[in-house]
Amino acid sequence: MDGTQVHDSVKDYYGKRLKTADDLQTQACVTVGRVVTKPVREAVAAVHDEVASKYYGCGLVIPEKLEDMKVLDLGSGSGRDCFALSKLVGPNGHVTGIDMTDEQIAVSRKYIDYHTEKFGYKESNTDFVQGYIEKLREAGLKENYYDIIISNCVINLSPDKRAVLKEAFSVLKEGGEFYFSDIYADRELEDSVRKDEVLWGECISGALYWKELFTLAAEIGFSRPFLVTAAPVPIDREDFKKILGDARFVSVTYRLFKLPPGTKGEPTQVIYNGQISGYEKEFRFDNQHVFKKDDVVTVTGPVAASLKCSRFSDEFDYQPLPKKTCDTFSL
């Protein structure tokens with residue numbers, strides 16, 4: 001299928017064929033995410049039932065330190081993540097969702113006033129734009145504007161992943177973060193898989209080979225991807241197994257940063273101050289770095305650069321690595 005056919009097929013699948021998450025044919029779009037804090041659980045629970053029933057994500061894309069942030073949700077669907085984020089960014093933050101599907105946009109816009117009143121805001125801090133995630137600027141979104149971009153099981157639905165990442169990079173502020181969950185394959189998929197419309201809608205046919213994400217991120221200018229969580233995606237239906245062959249799939253949450261040009265981080269010792277709300281005892285940056293309050297942790301250059309240049313900068317104290325000295329050994 002070409003790009004237009006993919007878009008039309010996905011619009012039909014999510015706008016007309018799917019009514020609730022119960023209509024999904026695989027578990028790809030309902031994979032459970034990581035353990036979350038009480039404020040995040042409360043924010044998700046506060047979302048209207050109709051909005052939540054049309055949620056088709058593959059993880060929980062709610063990062064840390066959200067207050068007063070400007071957040072963009074790529075492929076916002078019915079708006080579940082947007083409305084949860086609306087509560088977490090507070091009245092001085094703002095959340096924008098963009099989606100191409102008429103029916104999904106209609107549901108999200110229907111409940112803007114409901115959530116504004118529920119959260120006690122004088123004015124709404126949420127809006128929804130109809131458009132394509134491959135053409136964010138064409139949809140009217142500003143360059144170098146958003147502090148955080150999220151996406152939940154949507155990039156796999158795009159026929160042009162490079163365009164999605166390039167546009168996200170463009171509208172993200174310097175020092176901003178792209179925090180997203182998606183489905184990845186362990187290999188390049190055959191054309192027979194790419195042509196299956198149901199498996200496209202189920203987030204499988206469009207899955208990116210995971211190594212390609214690293215290549216695209218580097219070419220576009222993002223930091224290297226930091227893996228936050230990963231979980232296998234089981235394929236149970238026999239007819240799908242015949243189409244997919246030996247290919248295996250995984251739901252992964254990554255975080256990427258838009259660092260200032262020429263940024264070169266050095267290995268550094270960092271000490272977390274424990275001041276991120278909800279993460280006072282520890283902050284889990286990715287699957288390899290868990291920062292406990294007041295512990296001294298040595299990090300690589302890419303991690304140090306991402307912390308220093310992002311909204312997390314003031315949450316750490318930084319110090320150079322101790323100089324190596326000659327040791328005296330007893331024989």
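Three elements, α7 (161–171), β5 (172–185) and α10 (210–220), each supply at least two residues to the lining of the second largest cavity. Before we go on, keep in mind that this is a predicted model.

## A cavity and its walls

So what does this cavity look like from the inside? About 60 Å³ of space lies in the second largest cavity. Among the residues that line it are I155, N156, K161, L165, F180, D182 and Y184. Which element gives the most to this lining? That would be β5, with four residues. Sorted by class, the lining has eight nonpolar, two polar and two charged residues. The count for the structure comes to three cavities of 30 Å³ or more.

## Rings next to rings

F180 is a handy link to the next topic, since F180 lines that cavity and also belongs to a cluster of rings. Ring pairs join F169, F178, F180, Y184, Y209, W210, F214, F222 and Y254 into this cluster. Across the structure there are 23 aromatic pairs. One of them is F178 with F180, a stacked pair with 4.3 Å from centre to centre and 25° between the planes. Are these two rings buried or exposed? F178 counts as buried because its relative accessibility is 0%, and F180 counts as buried because its value is 1%. Y209 and W210 make an edge-to-face pair, with centres 6.4 Å apart and planes at 70°. W210 has 36% relative accessibility, so W210 counts as partly exposed.

## Charges over rings

Rings can have charged partners here too. Which residues sit over a ring, and at what distance from its centre? Here are two cases:

| Charged residue | Ring | Distance to ring centre |
|---|---|---|
| R237 | F240 | 4.1 Å |
| K258 | F169 | 4.7 Å |

In the first case, it is the charged end of R237 that sits over the ring. In the second, K258 lies over the face of F169, and F169 is one of the rings in the cluster described above.

## The largest pocket

Now for the largest pocket, which has a volume of about 340 Å³. It is lined by 19 residues, and K65, L66, E67, L88 and S277 lie nearest its centre. Two elements, α2 (38–45) and α4 (80–89), give two or more residues to this lining. Which of them gives the largest share? The answer is α4, with three residues. By class, the lining divides into nine nonpolar, five polar and five charged residues.

α4 deserves a second look. Why can we call α4 largely enclosed by the rest of the structure? Because nine of its ten residues are buried. The buried ones include R80, D81, F83 and L88, and L88 is also among the residues nearest the centre of the largest pocket. Right after α4 comes G90, whose phi is positive, near 80°.

## A serine in a loop

Last stop: S310, which you can find in the loop between α12 (301–308) and β13 (316–320). Is S310 buried or exposed? Its relative accessible area is 9%, and buried means under 20%, so S310 is buried. What does its side chain reach? The side chain of S310 reaches the backbone oxygen of S306, at 2.7 Å.

Key: Residues numbered from 1 in each chain as written. Heavy atoms only, no water. Phe/Tyr/Trp six-rings, centres within 6.5 Å; stacked < 30°, edge-to-face > 60°. Buried < 20%, exposed > 50% of the residue type's maximum accessible area, 1.4 Å probe, protein only. Lys NZ or Arg CZ within 6 Å of the ring centre and 35° of its normal. 1 Å grid on protein atoms, 1.4 Å probe; cavity = no way out; pocket = protein on both sides within 12 Å on 5 of 7 lines; lining within 4 Å. Points joined across faces, edges and corners; volume = space filled by probe spheres on them. Nonpolar A, V, L, I, M, F, W, Y, C, P; charged D, E, K, R; others polar. Polar contact = N/O pair within 3.5 Å; in protein donor to acceptor, adjacent residues only side chain to side chain.
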